[in-house]
Structures are given as C-alpha cells and as structure tokens.
Amino acid sequence: MSIETHGLRKQYDSTVALSDVSVSVGDDVQVLALIGPSGGGKSTFLRLIGGLERPCSGSVSVDGKTLPDGERALLEWRKRNGFLFQAFNLFPHLTAEENVILPLVEVHEISREEATAGAREVLSRFGLGDHLAKQPGQLSGGQQQRVALARAIAHRPRWLLLDEPTSALDPEMKAEVLDLIDELRQNGQRIILSTHEMGFARRAADHVVFLSGGRKLEEGNAERLFTSPETAEVRSFLQKVMKW
Amino acid sequence: MKAFLGVFVSVVLGSTFCFVFWVVISHEYQWSDIAPYKGNFVSGWWTTLLISAIALVGSIVIGALLTSGQLSPWSAPRVLSRTFVEIIRGTPLLTQILIGYYLVAPAIGWDSRFGVGVLILSCFAGAYLSEIFRGGIESIPSTQWLSARAIGFTDAQTYRFVVIPQAIRRVLPASAGQFANLIKDSSLLFVISVHEFTMQAREVNANTYATFEAYLPLIFGYFVLTFPISLISRHLEKRFSYEH
C-alpha cells in the first residue's frame, strides 16, 4: 500500500505544471497531504495519481501497480478511486440522490435497489437525508460538497483523492466538510488531499509533500515538516499561512 | 429617453397593427368564390403537415449525424460534416430545391417530388440544427467532463448521462425556432410542384382571382402548425429544467 512517483513531468502547451517530481510514500501512510502555494502543481499531481491525466514523462505507481497507458486500463484505474473537486462538479440536472446512484449503477454495475439503498445510507450519514430529491442548484455549497463526497466514497474507493475540497466554502461549511473527511479517516479511508488548510493537514495527515513552481521542495512526516521545515521557502510559506 | 423610445415603438407598432387590421376587415370578401376549392386547402394542409412531420424527424437524424461528425476525433468526418453544413447554410433553400430536383434526382433516377422535397428540407434544417446541437454540447463546462471521467464514465456514458441531458435544455428554444422555420420553408416546395398548402392557395388564386380569400387561410393554416411547436418546446423546457 504505497505511492511512488519517479521523475513525474506534466506540461500544458508551454506551461510546465510539474517537473521531475519523485515522491515515495510508504505502506504506513493513510493520509497524504499536498501543500504549497497556488499554481504549485498540487492539482496536477493529484490528477496524475488519480489517472485523470497522463504524465508527459515519468511514472506513477500506486500499491505496487504502475499507472497504465491505454485509455481502457486508465478507466479501470479511475474506477478504483474516489475523486472530489474544489468546485463540487456535481451533475446539476440530477438530484442529490441520483448523483450518487448513477455511478454505482452505470460504472460499478450495482443493482438499482442496492445502489439506492447505499446512496441513501451514505447521504443520511452525511446529514443530507432531507435533501435527497433536491438538485445541486437548490443546495448550499457545503451541502453540495457533502453530496460530492458521498458520491466519491459510495463505491468504497481504495484511495479518496480530494482536490482542495474546502477552498470554495465559507468557514462554517469548511468545518462541516473537514469533520466528515476526518471521520472517514478515522474509519480507515486512505486519502490523498491537496489543501490550503494547514491546521487540518497537520492534524490529519501522516505524510506531507510540499510542491511549489511544479517542483517538490520537501516531503516527510507531517509533524516534522510543520515544526522544522528544511528549506527556507517552505519555512517562509508556513510562517505566512500559519500567522493568522 | 428610454420612456420616449418605448412610447414611440408602441405607437408605431400599434398603428401598423390597426392599419393591417383595418385593411383585413374592410375588404369585401367573396368567400363563395373559393368555397368550391375547400378540398384543395384541406389536402394542401395535410400535405404540408406530412412533409413537415417527416422532415422534422429527418432533420433531427441528419442534425445529430452532422453534430457527431463535427465532434468526431477523426478528421475525415469532421471535414465532411463541416463542408456539408457550410454549403447548405451558405446557399438559398430555393436553389437547393431546384438543383436537387432537376439535376441531382434525375442523375440517380429518382422521380418523387415529395421524396426529394422532404429530403432537401431535412438536409437544410438538419444543417442548422447540427450547429444548434454542437453549440449546446460545447456549452457544457469542461468540469462536467472532468467529473464524469473521475467517476469512471466512458465518453459514451458521459454523453448519455451528463452532456446530452443538460444540452437538451439549452438547445430546445433554438431548435423549436428551427422546426417552425422548417414548416414555413416547406412552402417553397411549390417550385417543384409539390401540392402542399401554399401551392394549393396559389392555384386557387389563379383560378378565382380572389387573392385575399385564397391567401388568408395560409396564415391560420401555418400558425396552427407552428404554435403547438412553441407550446411543446416550453413544456419540454420546464421538464428538463434545472437550477444552475
């Protein structure tokens, strides 16, 4: 149960998003946090791990398996994970419940009855029992993100990938969503998240990778990295963001 | 200024309407002149209804094919569809009907005015519809695609469950307009002597010289065909509506 990347590089036209990133995360890590300034490569790294995009060069391996090349194999890779985005990305024409049911039925080939029961169970657990029939447009940002989280975990993914899950939320909703993520962690869910919530990263993550300008500046045990960062840039970043 | 413009527009529109209304009611109608030709109107109206109904289905099929051609990952269908759409949209329908019936149809040994007329109308409306469909599909934000990929949907599933249901709502008003145009455009088929509604009215006029009486039924006849389309479209818009 590990994540390894070697010389990972991703370029969009002339913009280099990720350059020569090698990371080694051992079996013992349950929560991996990606931190660093905006535009530093966190989202790109997450998308490459999740098989949403292919690297220009370098390799990714998760739990001993190497990220495949072909679209079919990548699809299988993606199915095993759960993904959550900053902007929720729910399907606006479907109800909250249907957003969770649809992938279970169509992708994971679970019967509709079973999927409905599963979706209701997880949505109720997330405090959305009264909102099953509402469309995303009728829900608050926090509620939408909780539906999106329900959708991401309903098929019991091996890894839950969270891309700045609370960046678009106000403080109260942030807390709601972070509480849920923490609850999932306590139940043994393995998580990789990119975040600007340093307090949460420090408390919940076992391992932290600091990315800036598309490069990995530092990685290591969360407590160690937050208390005694090795590089000046990481130190200065943490001082700035932890100041308030 | 705005108020003045409003009053001005109302006065112009109001007086134009009054004038037309006065012309229409002050005319001394000789309905008895056209009474013997009642059957012509009825058969013409049915022919127009039949042509429109078949061409409406045909235009949706052709429009959908052209849209998939234009969105295809391969260049041959893209270029072919694009060329077809540009030629159809860039030339008058009247010319297409004449060339289609007098040049193309004889070359392949096809001698059905009705059939050729329906096919040309289908192609004409299909070309416009394909642009409406393409616009609708391309207006679905890329985040929806990303989300669908993350869930593990194939491209086909993404179109079926995510993109097309949302695009339908967006293309309905413009498509309804195109369908209404299709019905009205069918009146041009008189040039190849298809005995549709307008052709019949022209013949009645030629036989009776009762111009008003011959042409007035056209207004009602076409309106009862186009108005339901407007109503159905609004009904569907509501059915497919969702909050953004």
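1. A salt bridge is counted here where a side-chain nitrogen of Lys or Arg lies within 4 Å of a carboxyl oxygen of Asp or Glu. The structure under review is a predicted model, and this definition applies to a pair that joins its two chains. The side chains of E71(A) and R149(B) form a salt bridge, with 3.8 Å from N to O. Because the cut-off is 4 Å, the E71(A)–R149(B) pair, at 3.8 Å, is accepted. Side chains of opposite charge can pair when their charged atoms come close.

2. The interface of chain A and chain B should be described next. Chain A brings 24 residues to the contact, and chain B brings 20 residues. Between them the two chains bury about 2,000 Å², of which 60% is on carbon and sulfur atoms. The rule finds one salt bridge across this interface. Nine residue pairs in polar contact, with both residues at pLDDT 80 or more, are also found across the interface.

3. Which helices of chain A each supply at least two residues of the side that touches chain B? They are α2 (71-80) and α3 (96-106) of chain A. Of the elements on this side, α2(A) gives the most, with four residues. Sorted by class, the side of chain A that touches chain B has 10 nonpolar, seven polar and seven charged residues.

4. Enclosed spaces form the next topic. Across the whole structure, the search finds two cavities of 30 Å³ or more. The largest cavity has a volume of about 110 Å³, and the second largest has a volume of about 90 Å³.

5. The largest cavity is lined by 14 residues. Those nearest its centre are R151(A), A152(A), H155(A), A150(B) and I151(B), and this list draws on both chain A and chain B. The elements that each supply at least two residues of this lining are β6 (81-84), α3 and α5 (141-153) of chain A, together with α7 (142-151) of chain B. The lining comprises eight nonpolar, five polar and one charged residues.

6. The second largest cavity is lined by V62(A), D63(A), K65(A), W77(A), R80(A), N81(A), R158(A) and W159(A). By class, its lining has three nonpolar, one polar and four charged residues.

7. D63(A), one of the residues that line the second largest cavity, also takes part in a salt bridge. Its side chain meets that of R190(A), with 3.5 Å from N to O. R190(A) lies in strand β8 (residues 190-194) of chain A, and D63(A) lies in the loop between β4 (57-62) and β5 (65-66) of chain A, so the pair ties together parts that are 127 residues apart in sequence. Over all chains, the count comes to 23 salt bridges.

8. Where do the residues closest to the centre of the largest pocket lie? They are I60(B), F133(B), I168(B), V171(B) and S175(B), and they belong to a lining of 23 residues. The pocket holds about 640 Å³ of space. In chain B, α3 (38-70), α6 (113-138), α8 (155-185) and α10 (211-239) each supply at least two residues of the lining. The largest share, nine residues, comes from α8(B). By class, the lining of the largest pocket has 18 nonpolar, five polar and no charged residues.

9. A final point concerns a single residue of chain A. G141(A) is found in helix α5 of chain A, a helix that supplies at least two residues of the lining of the largest cavity. Leaving aside residues up to four places away in sequence, G141(A) touches F88(A), L169(A) and M173(A). The C-alpha atoms of G141(A) and T166(A) are separated by 9.6 Å, and these two residues are 25 residues apart along the chain.

Definitions and conventions: Residues are numbered from 1 along each chain as its sequence is written. Chains are lettered from A and ligands numbered from 1 in the order in which they are written. This is a predicted model: local features need pLDDT of at least 70, side-chain atom pairs count only at pLDDT 80 or more; totals for chains, interfaces and linings use all residues. Side-chain values use heavy atoms; hydrogens and water are left out. Contact means heavy atoms within 4.5 Å. Buried area is the accessible area (1.4 Å probe) that two parts lose on being put together, summed over both. A polar contact is a pair of N or O atoms within 3.5 Å; within protein, one must be able to donate a hydrogen and the other to accept it, and residues adjacent in sequence count only if both atoms are side-chain atoms. Ala, Val, Leu, Ile, Met, Phe, Trp, Tyr, Cys and Pro count as nonpolar, Asp, Glu, Lys and Arg as charged, and the others, Gly among them, as polar. On a 1 Å grid over the protein atoms alone, a cavity is a set of points where a 1.4 Å probe fits but cannot get out, and a pocket is an open set with protein on both sides within 12 Å along at least five of seven lines; lining residues have an atom within 4 Å of a point. Grid points are joined across faces, edges and corners, and a volume is the space filled by probe spheres set on the points.
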